[in-house]
Amino acid sequence: MYVKDAPVSLKGSASLLCNNLAILKPKEKESTSFAVVHKALVCLSNVAKGGGVPSIKQISCKGEGAHSSSAVQQAKWCILPDRTVLVLASIKGVQMFDPDGMIMIFWQSLPPCEATEVYSQFSRGICAVGEKYICVGSSDGGIMVFDVPARGTGVKLQETLSTHAEPICDLVGKDSKMVSSDDTGYMIVWQAGGHFTQLSKIDGFGFPCSSLALYKEYVVGGYGTGHIRIFNLTTGKIVFEICAHAQWVNALDVAEENGLLLSVSEDTFVRVWQVNDGESPKVELKFQQNIIDTQLCGGRFLDQEGHSFGITGYDLTEVSIFSKK
């Protein structure tokens with residue numbers, strides 16, 4: 001179904017983090033941008049439509065001080081109706097840049113730890129939701145909701161959602177709905193607006209839900225146990241469970257036009273599934289590939305039809321591309 005295509009070079013290797021690949025393919029530009037986290041850096045590669053040598057660079061996450069580095073946990077482009085923002089979630093806070101990473105437009109530090117707290121602080125989980133909101137999760141279970149203007153640097157922290165009791169793993173948004181997951185697998189479905197409200201809750205299975213994806217009326221979760229579970233977004237009931245991988249599922253993505261689900265895992269396998277919705281949903285394995293001796297940590301479709309996808313692996317200095325035959 002898919003064959004390996006020419007890879008995209010990076011200026012650094014990928015860290016072993018969940019969801020460690022972001023892709024931006026603007027409609028007005030005939031190019032594709034890739035973002036991969038390497039320690040306190042984000043490696044950006046831009047590839048023109050016809051291929052050729054990519055334009056590569058790195059963004060350094062400095063934290064509050066000019067000389068203090070801050071390990072990045074996730075990088076992602078958030079696409080709003082009037083603006084696209086590159087968001088970095090690190091152990092010290094949240095940074096927002098223009099799409100090419102040249103200009104920082106906002107910085108939000110995490111609150112200081114209490115003297116009795118022994119766990120490390122970090123922000124993780126990024127998504128755009130609604131007309132103007134960007135949300136970022138944190139290690140205390142809070143979700144920071146930022147009001148982002150159409151232009152300028154007037155980004156405001158509107159509120160912090162504090163329902164989760166465990167660190168946030170991932171966030172995913174579509175239209176005015178957002179889903180959050182934490183280290184116990186617990187999920188919450190939110191309605192965006194002037195004040196975010198809870199629509200439903202999905203009980204966890206005692207293991208982290210490391211990656212999320214939305215497809216029609218379903219929310220798909222990838223777990224540390226290697227399972228993929230599909231839930232009804234409205235009722236919260238589980239409709240399908242797949243023993244998909246032997247180790248941690250590190251990333252999920254959906255090609256909405258054709259109902260294809262991409263999953264990558266630390267077990268070295270990338271798999272593509274066909275999701276057939278209806279009264280009795282069915283899931284069928286369509287493609288799998290073993291990337292020998294590589295713990296996979298990121299995966300994204302390059303288009304909504306699922307014609308091609310990219311994956312990253314720990315300590316690799318390239319994005320592997322697979323395209324349909």
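Strands, at least two residues in length, and helices, at least four, are DSSP runs numbered from the N terminus. The model used in these exercises is predicted.

**Exercise 1. Describe the secondary structure over the annotated repeat, residues 242-283.**

Step 1. The limits come from an unreviewed UniProt entry, which annotates residues 242-283 as "repeat: WD".
Step 2. Strand makes up 60% of this stretch and helix 0%.
Step 3. The C-alpha atoms at the two ends of the stretch are 8 Å apart.

**Exercise 2. Find which residues of the largest nonpolar core touch the most other members, and which strands supply the core.**

Step 1. The core has 18 residues; V87, M96, I134, V136 and F146 touch the most other members.
Step 2. At least two core residues come from each of β7 (72-80), β8 (83-90), β9 (93-97), β10 (104-109), β11 (123-129), β12 (133-138) and β13 (143-147).
Step 3. With 3 residues, β8 gives the most.
Step 4. Take V87 and set aside its neighbours within four places in sequence: its contacts include M96, I134 and V136. Q74, A75, K76, C78, V94, Q95 and I126 are also in contact with V87.

**Exercise 3. Decide whether L157 is buried, partly exposed or exposed.**

Step 1. L157 lies in strand β14, residues 156-161.
Step 2. Buried requires under 20% relative accessible area, and exposed over 50%.
Step 3. The relative accessible area of L157 is 35%, so L157 is partly exposed.
Step 4. Beyond four places in sequence, L157 touches Q108, M144, V145 and F146.
Step 5. For V145, the separation from L157 is 12 residues in sequence and 5.9 Å between C-alpha atoms.

Notes: Residues are numbered from 1 along each chain as its sequence is written. This is a predicted model: local features need pLDDT of at least 70, side-chain atom pairs count only at pLDDT 80 or more; totals for chains, interfaces and linings use all residues. Side-chain values use heavy atoms; hydrogens and water are left out. A nonpolar core is a set of buried Ala, Val, Leu, Ile, Met, Phe, Trp, Tyr and Cys residues joined through side-chain atoms within 4.5 Å. Buried means under 20% relative accessible area, exposed over 50%, partly exposed in between (1.4 Å probe, protein chains only). Contact means heavy atoms within 4.5 Å. UniProt positions are given in the numbering used here, feature names are shortened, and annotations may be inferred rather than shown by experiment.
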